[in-house]
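Student: Could we go through this one together, question by question? I would like to see how each answer is reached.

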Amino acid sequence: NAPTIPLDTSDEFGQMATQFNALHARLNEAHRRLQSRVDLANDELRGVNAQLSAQADELRRRNNDLQMLALTDPLTGLYNKRYHEKLLKNDVDPSLARDETHSIMLISLTDIERLDTEHGHGMGDEAIKDIARRVAAKARPGDTLCRIEGGRFFLLCRQSTMANAIALADEICQAICQT
């Protein structure tokens, strides 16, 4: 924003100063209009960026939800067979290579179909949910429990000796047998 040139004369320098001042005024007005457009565009961009950011957050949340759905059993909420396979590949196999002490427990419930037949549809599912809850309650914080399929469960007991695993298996058996 340069200052205007004073008009002290009416000769050709005065005329040039008059023309310069008029051009200066038009340029200032064009700059003001352009700046107004830029400010408006910036405001719109900020709004669009906020929308995109909110949409990206929502997509991340939905992707996390989908990933959890893909890795969890809908009946029990435990990890599922897909997670079990990833666990074997990404955790158990490398642990074996590092010679770490882990124990694995397989739990197989029999006669689930008989429960449905004798006591009505859904009783097998209720039994599976109840037993999953009981086993999960006995598992240690670092252990991982998966429902492989039907009434079969897999429990990875990290840093667990055979003696510790046997003691835990006894506790789980007692918990399962309680009515």
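**Overall form**

Tutor: With pleasure. A compact globule of 179 residues would have a radius of gyration near 16 Å, whereas the protein has 36 Å; this radius is taken over C-alpha atoms, and the globule rule is 2.2 Å times the number of residues to the power 0.38. The model is predicted, so local features need pLDDT of at least 70 and side-chain atom pairs count only at pLDDT 80 or more, while totals for chains, interfaces and linings use all residues. Residues are numbered from 1 along each chain as its sequence is written, and side-chain values use heavy atoms, with hydrogens and water left out.

Student: What box do the C-alpha atoms of the protein fill along the principal axes?

Tutor: Start again from the radius of gyration of 36 Å, against a value near 16 Å for a compact globule of 179 residues. Taken along the principal axes, the C-alpha box is roughly 110 × 45 × 25 Å.

Student: Which pattern does the protein follow along the sequence?

Tutor: Helices (H or I, at least four residues) and strands (E, at least two) are DSSP runs, numbered from the N terminus. The protein comes to 5 helices and 3 strands. Read along the sequence, their pattern is α-α-β-α-α-β-β-α.

Student: What share of the 179 residues counts as buried?

Tutor: Buried means under 20% relative accessible area, exposed over 50% and partly exposed in between, with a 1.4 Å probe and protein chains only. The protein exposes about 12,800 Å², and carbon and sulfur atoms supply 55% of that area; accessible areas come from the Shrake-Rupley method with a 1.4 Å probe, and for residues only the protein chains shown count as cover. The buried share of the 179 residues is 26%.

Student: How far apart are the mean positions of the positive and negative charges?

Tutor: Lys and Arg count as positive and Asp and Glu as negative, with His and the chain ends not counted. Each charge is placed at NZ of Lys, CZ of Arg, CG of Asp or CD of Glu. For the 22 positive and 27 negative charges of the protein, the mean positions are apart by 1 Å.

**Cysteines**

Student: How many disulfides does the count come to?

Tutor: A disulfide is a pair of cysteine sulfur atoms within 2.5 Å. The sulfur of Cys157 is too far for a bond, because the closest cysteine sulfur, in Cys146, is 11 Å away. Cys173 is in no disulfide either, its nearest cysteine sulfur being that of Cys177 at 6.2 Å. By this rule, the number of disulfides is 0.

Student: Is Cys157 buried or exposed?

Tutor: Cys173, for contrast, is partly exposed, with a relative accessible area of 46%. Cys157 has 0% relative accessibility, so it counts as buried.

**Selected residues**

Student: Which residues does Ala132 contact, leaving aside its neighbours within four places in sequence?

Tutor: Ala132 lies in helix α4 (residues 123-138), and at 3% relative accessibility Ala132 is buried. Contact means heavy atoms within 4.5 Å. With neighbours within four places set aside, the contacts of Ala132 are Thr76, Leu78, Leu145 and Phe153.

Student: And which does Arg152 contact, again without neighbours within four places in sequence?

Tutor: Arg152 is found in strand β3 and, at 39% relative accessibility, is partly exposed. Its partners beyond those neighbours are Ile107, Ser108, Cys146 and Arg147.

Student: What about Lys86: which residues is it in contact with, by that reckoning?

Tutor: Lys86 is found in helix α2 (residues 81-97) and counts as partly exposed at 37% relative accessibility. Lys86 and Leu71 are 15 residues apart in sequence, and their C-alpha atoms are 9.5 Å apart. Leaving aside neighbours within four places, Lys86 is in contact with Leu71 and Asp91.

Student: What is the phi of Asp99?

Tutor: Most residues other than glycine have a negative phi. Asp99 is found in the loop between α2 and β1 (102-108) and is exposed, with a relative accessible area of 69%. Although Asp99 is not a glycine, its phi is positive, at about 60°.

Student: Where is Gln159 found?

Tutor: Gln159 also has a positive phi, of about 50°, although it is not a glycine. Gln159 is exposed, with a relative accessible area of 53%. Its place is the loop between β3 (152-158) and α5 (162-177).
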